[in-house]
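Visitor: Please take me through one part of this model, slowly and closely. I would like to see how the helices pack, and what lies around them.

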Amino acid sequence: MQPQGYALITGASYGIGEEFAWQLAARGWSIILVARSQDRLTQLRTDLMAEYTDIDVLCAAMDLTAPDAPAELFQKTKDANLKISLLINNAGFGAFGEFTSIDRERQRQMIDLNIAALVELTHLYLQPMMQREEGGIINVASVAGFAPLPYSAVYAATKAFVVSFSQALYEEARQHGVQVMVVNPGSTKTNFFEVAGHGAFSNSSMQTAEQVVAESIRAFDHDRRSVTTGVSNRLMVLVLGLLPVSWVTAVVGKKMRRRIAID
Ligand SMILES: NC(=O)c1ccc[n+]([C@@H]2O[C@H](COP(=O)([O-])OP(=O)(O)OC[C@H]3O[C@@H](n4cnc5c(N)ncnc54)[C@H](OP(=O)(O)O)[C@@H]3O)[C@@H](O)[C@H]2O)c1
């Protein structure tokens with residue numbers, strides 16, 4: 001993953017996105033940081049530029065669930081004549097709970113961010129990459145995309161979309177010299193669970209954002225179409241593919257009912 005232009009990272013203010021910014025900056029990439037939290041982005045820009053003096057770091061504070069946000073972002077980078085050689089569609093969130101008890105607006109926003117913004121940004125930035133026959137896109141999905149998950153039904157479905165969409169696009173884009181890869185992290189130590197309304201969560205196989213990003217970059221360097229990070233997550237995805245869906249949903253449902261105290 002040789003730096004050539006800018007890497008645009010969505011959801012760069014925290015967690016996995018922020019870590020992508022640090023690890024790509026260390027490799028010499030100039031970065032465009034995108035998320036809602038203006039203060040966080042400004043601070044991260046300052047920190048990155050202090051550590052890596054030979055790169056440029058720009059911020060775009062915006063809510064990507066706004067219908068025109070992806071097009072506005074694209075226009076901004078076009079007007080500034082910035083060459084985006086790497087797009088990392090990482091911004092996303094989940095929501096735990098019974099489907100009917102999760103706010104309807106919040107579920108729609110999840111679809112808008114996890115799916116609609118990702119598809120639009122991919123459409124906007126892939127075209128110029130294909131014309132130049134260079135560049136890459138990394139879409140952050142989840143192991144949740146490999147099975148229907150009761151009490152996280154919409155989130156898992158959005159990630160299933162990202163897995164399918166990205167794998168199909170890998171084949172189309174590589175005909176034009178562009179690499180598309182999907183990353184499937186398992187539970188990772190970030191704000192994710194808190195934002196999803198799950199409360200404090202940890203388990204022994206949880207990865208750090210640093211591990212997830214290091215594995216992702218390594219996989220991208222090896223031209224992989226998909227990477228599930230962490231040995232136990234890879235094993236889980238393998239097993240999920242072998243088990244009947246009825247069994248998986250029953251077991252996950254029971255476990256989740258206990259976790260979110262529905263029973
Ligand atoms: N952590 C996990 O266990 C885990 C597992 C599998 C997959 N993932 C996926 O990894 C990705 C990154 O999540 P994370 O774990 O790093 O969680 P996180 O720490 O909560 O970070 C989420 C990022 O998305 C940004 N974001 C949220 N809503 C946004 C919006 N409307 N517009 C623009 N940016 C928005 C947040 O910034 P602002 O709040 O500043 O907007 C933040 O930078 C997500 O797609 C998530 O689904 C996470």
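Guide: Start with α3 and α4. In this predicted model, α3 passes α4 in a right-handed crossing. Helix α3 covers residues 69–79. Its axis and that of α4 come within 9 Å and cross at roughly 30°. Angles under 35 degrees count as roughly parallel, so α3 is roughly parallel to α4.

Now look at who touches whom. From α3 come Ala69, Pro70, Ala71 and Phe74. They meet Ala117, Glu120, Leu121, Leu124 and Tyr125 in α4. Sort the residues of this contact by class. There are 8 nonpolar residues, no polar ones and 1 charged.

Stay on α4, and turn to another helix, α5. Helix α5 takes in residues 153–174. It packs with α4 at an angle of about 10°, and the two axes are 9 Å apart. That angle makes α4 roughly parallel to α5. The α4 side of the contact is made by Gln107, Met110, Ile111, Asn114, Ile115, Leu118, Val119, Leu126 and Met130. On the α5 side, find Val154, Tyr155, Thr158, Lys159, Phe161, Val162, Phe165 and Ala173. By class, this contact has 13 nonpolar, 3 polar and 1 charged residues.

Next comes the sheet. It is open and has 7 strands. Trace them in the order β3-β2-β1-β4-β5-β6-β9. The pairing is parallel. Strands β3 (57–61) and β9 (226–228) stand at the edges. Each has a single partner strand, so one side of each is left without a neighbour in the sheet. From one strand to the next, the twist averages 15°.

Helix α4 belongs in this picture too. With residues 104–132, α4 packs on the sheet and touches β4 (84–89) and β5 (136–140). The direction of α4 makes about 170° with that of β4.

Go to the β9 edge for one pairing in detail. Strand β6 spans residues 179–184, and 3 bridges join it to β9. These two strands run parallel. Pick out Val183: its bridge partner in β9 is Val227. What holds such pairs together? Strands of a sheet pair through backbone hydrogen bonds.

Another helix pair is α1 and α7. Helix α7 holds residues 209–221. The two pack at an angle of about 55°, with axes 9 Å apart. They are therefore oblique to each other. Their crossing is right-handed. In α1, the contact uses Gly15, Ile16, Glu19, Phe20 and Gln23. In α7, it uses Ala209, Glu210, Val212, Val213, Ala214 and Ile217. This contact divides into 7 nonpolar, 2 polar and 2 charged residues.

Helix α1 leads on to the ligand. In the model, 30 residues surround the ligand. The closest are Gly11, Gly15, Arg36, Ser37 and Gly92. Gly15 has turned up before, in the contact of α1 with α7. Two elements give two or more residues to the shell: α1 (15–26) and α6 (192–195). Of these, α1 gives the most, with 3 residues. Divide the shell by class, and you get 12 nonpolar, 15 polar and 3 charged residues.

Key:
Residues numbered from 1 in each chain as written. Predicted model: local features only at pLDDT ≥ 70, side-chain atom pairs only at ≥ 80, totals over all residues. Pairing = 2+ DSSP bridges. Helix = DSSP H or I, 4+ residues; strand = E, 2+ residues; numbered from the N terminus. Axes fitted to C-alpha atoms, helices over the stretch in contact; angles between N-to-C directions. Contact = placed C-beta atoms within 7 Å. Near = placed C-beta within 6 Å. Nonpolar A, V, L, I, M, F, W, Y, C, P; charged D, E, K, R; others polar. Parallel < 35°, antiparallel > 145°, perpendicular 65-115°, else oblique. Left-handed = near helix turned anticlockwise from the far one by under 90°.
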